Amino acid sequence: MPARIISGTEIASQIREEIRKEVAYLKEKYQVIPGLVTIIVGKNPASVSYVTAKQKTAHELGFYSVQENMEENISEEALLNVIMKYNGDPLVHGILVQLPLPAHINESKVLYTINPEKDVDGFHPVNIGRLMIGDARFYPCTPYGIQQLLIRSNIRIEGAEVVVVGRSNIVGKPIAMMLCQKAKGANATVTICHTGTKDLSFHTRHADILIVAAGKPKSITADMVKDGATVIDVGVNRIGVTPEGKARLCGDVDFEGVKEKASAITPVPGGVGPMTITMLMLNTIKAAKLTRRLQG
Ligand code: NAP
């Protein structure tokens, strides 16, 4: 029987409804409007489209939102000054710097300058460290979205064999850390695979939950997947252009083949992607509550 499709579009839309209610509540009860600034350097088309989508969502959800478009040749010092300005702006609760940055700017220095209480991307070492010790403040948005997809689709994580393909700091490592915590919606046995893994399919075939974030189109095929597994495809690969002029996308998983073997699978597009932006909004609400020391 073909796999159940886990629709990130549908689950993200449920969460956005919850966010709308929360925004209305914060406004009415505390006169707080969640504020998000997105900072982009240069005009990389993919980055522009990601930032535009983030701003559009923030606006639709009733946030206070600001977009800062910086010139490609902005100096590192000038960029750090912009971040520090927003660190001190009480109307802005979340600061997001769109990556990648031009080569002359030190990415770590930029991310480390963001006030950890406004780090809604969850990339500051303080927040990564807190996540690791089981006292997370902000989860990085894509891993947060993956965990919510699993929980809200009633996939059993506790005790599951989870295999993560990819060990990036933004997806692979944090999702592995999150799912191995002794906590609700976690408590799994987690294996992380990467290009140094000797026999990738040996590991993937043992996974009850297989999470793929390798950036390699259709590299996970049906023979690498256990019968009845849940497969989360994080990959977004541009493989051409549609007749309408939009980017043609595919995931890291061979969807057509794997859906015949898995019990549940995320599509690309429409799987993890819509969740990522939604979790950024949830983190911004959390940041707004944090600055006002509100509960919940
Ligand atoms: P990344 O930084 O390029 O990391 C890729 C990871 O996959 C690396 O750890 C690499 O291993 C590993 N890898 C690559 N080929 C492999 C192979 N053949 N076998 C085993 N491991 C392999 O990528 P990323 O930033 O995590 O992103 C991964 C994918 O997710 C990309 O397609 C990206 O566009 C997508 N993405 C989607 C979202 C979303 O919202 N939907 C968000 C973020 C990323 P090494 O460490 O050994 O090099």
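What follows is a chat between a colleague and a modeller about reading a predicted model.

Colleague: Let's start with the sheet. Which strands form it, and in what order?

Modeller: Keep in mind that this is a predicted model. Six strands make up an open sheet, ordered β1-β11-β8-β7-β5-β6, and the pairing is parallel.

Colleague: Which strands stand at the edges?

Modeller: Those are β1 (4-5) and β6 (189-193). Each has a single partner strand, so one side of each is left without a neighbour in the sheet.

Colleague: How many bridges join β5 to β6?

Modeller: Five bridges join β6 to strand β5, which covers residues 161-165, and the two run parallel. If you want a pair to click on, take Glu 161, whose bridge partner in β6 is Thr 189.

Colleague: What lies across that part of the sheet, and at what angle to β5?

Modeller: Helix α7, residues 172-179, lies across β5, β6 and β7 (209-212). The angle between α7 and β5 is about 170°.

Colleague: Now β4. Are its faces covered or open?

Modeller: The general idea comes first: in a regular strand, side chains alternate between the two faces of the sheet. Now look at β4, residues 94-97: Gly 94 and Leu 96 are on one side, with Ile 95 and Val 97 on the other. All four are buried, so both faces of this strand are covered. The cut-off behind "buried" is under 20% relative accessible area.

Colleague: Which strand is β4 joined to, and by how many bridges?

Modeller: Four bridges join β4 to strand β2 (residues 35-41), and these two run parallel. Val 97 turns up again here as the bridge partner of Ile 39.

Colleague: On to the backbone. Where are the cis peptide bonds you wanted to show me?

Modeller: One runs from Leu 99 to Pro 100, with omega near 0°. Pro 100 lies in the loop between β4 and α4 (107-113). Another joins Val 268 and Pro 269, where omega is about 0°. For Pro 269, look in the loop between β11 (264-265) and α10 (272-291).

Colleague: Which residues have a positive phi without being a glycine?

Modeller: Try Gln 31, which has a phi of about 55°. Gln 31 sits in the loop between α1 (8-30) and β2. Lys 218 is another non-glycine residue with a positive phi, about 50°. The loop between β7 and β8 (230-233) holds Lys 218.

Colleague: Are Gln 31 and Lys 218 buried or exposed?

Modeller: Gln 31 is exposed, with 60% relative accessible area. Lys 218 comes out at 46%, so it counts as partly exposed.

Colleague: Last stop, the ligand. Which residues come nearest?

Modeller: There are 21 residues around the ligand, and the nearest are Arg 167, Ser 168, Thr 195, Val 236 and Thr 276. By element, α10 gives the most to the shell, with three residues.

Colleague: What polar contacts should I look for?

Modeller: Start at Thr 276, where an N or O atom of the side chain is 2.7 Å from a ligand oxygen atom. At Val 236, a backbone N or O atom lies 3.0 Å from an oxygen atom of the ligand. Ala 213 also has a backbone N or O atom 3.5 Å from a ligand oxygen.

Colleague: How much of the ligand does the protein bury?

Modeller: The protein buries 69% of the 930 Å² that the ligand exposes when taken alone.

Note on methods. Residues are numbered from 1 along each chain as its sequence is written. This is a predicted model: local features need pLDDT of at least 70, side-chain atom pairs count only at pLDDT 80 or more; totals for chains, interfaces and linings use all residues. Side-chain values use heavy atoms; hydrogens and water are left out. Buried means under 20% relative accessible area, exposed over 50%, partly exposed in between (1.4 Å probe, protein chains only). Two strands pair if DSSP finds at least two bridges between them. Contact means heavy atoms within 4.5 Å. Axes are lines fitted to C-alpha atoms, for helices over the stretch in contact, and angles run from 0 to 180 degrees between N-to-C directions. A residue is near a molecule or strand if one of its heavy atoms lies within 4 Å of it. A polar contact is a pair of N or O atoms within 3.5 Å; within protein, one must be able to donate a hydrogen and the other to accept it, and residues adjacent in sequence count only if both atoms are side-chain atoms. Accessible areas come from the Shrake-Rupley method with a 1.4 Å probe; for residues, only the protein chains shown count as cover.
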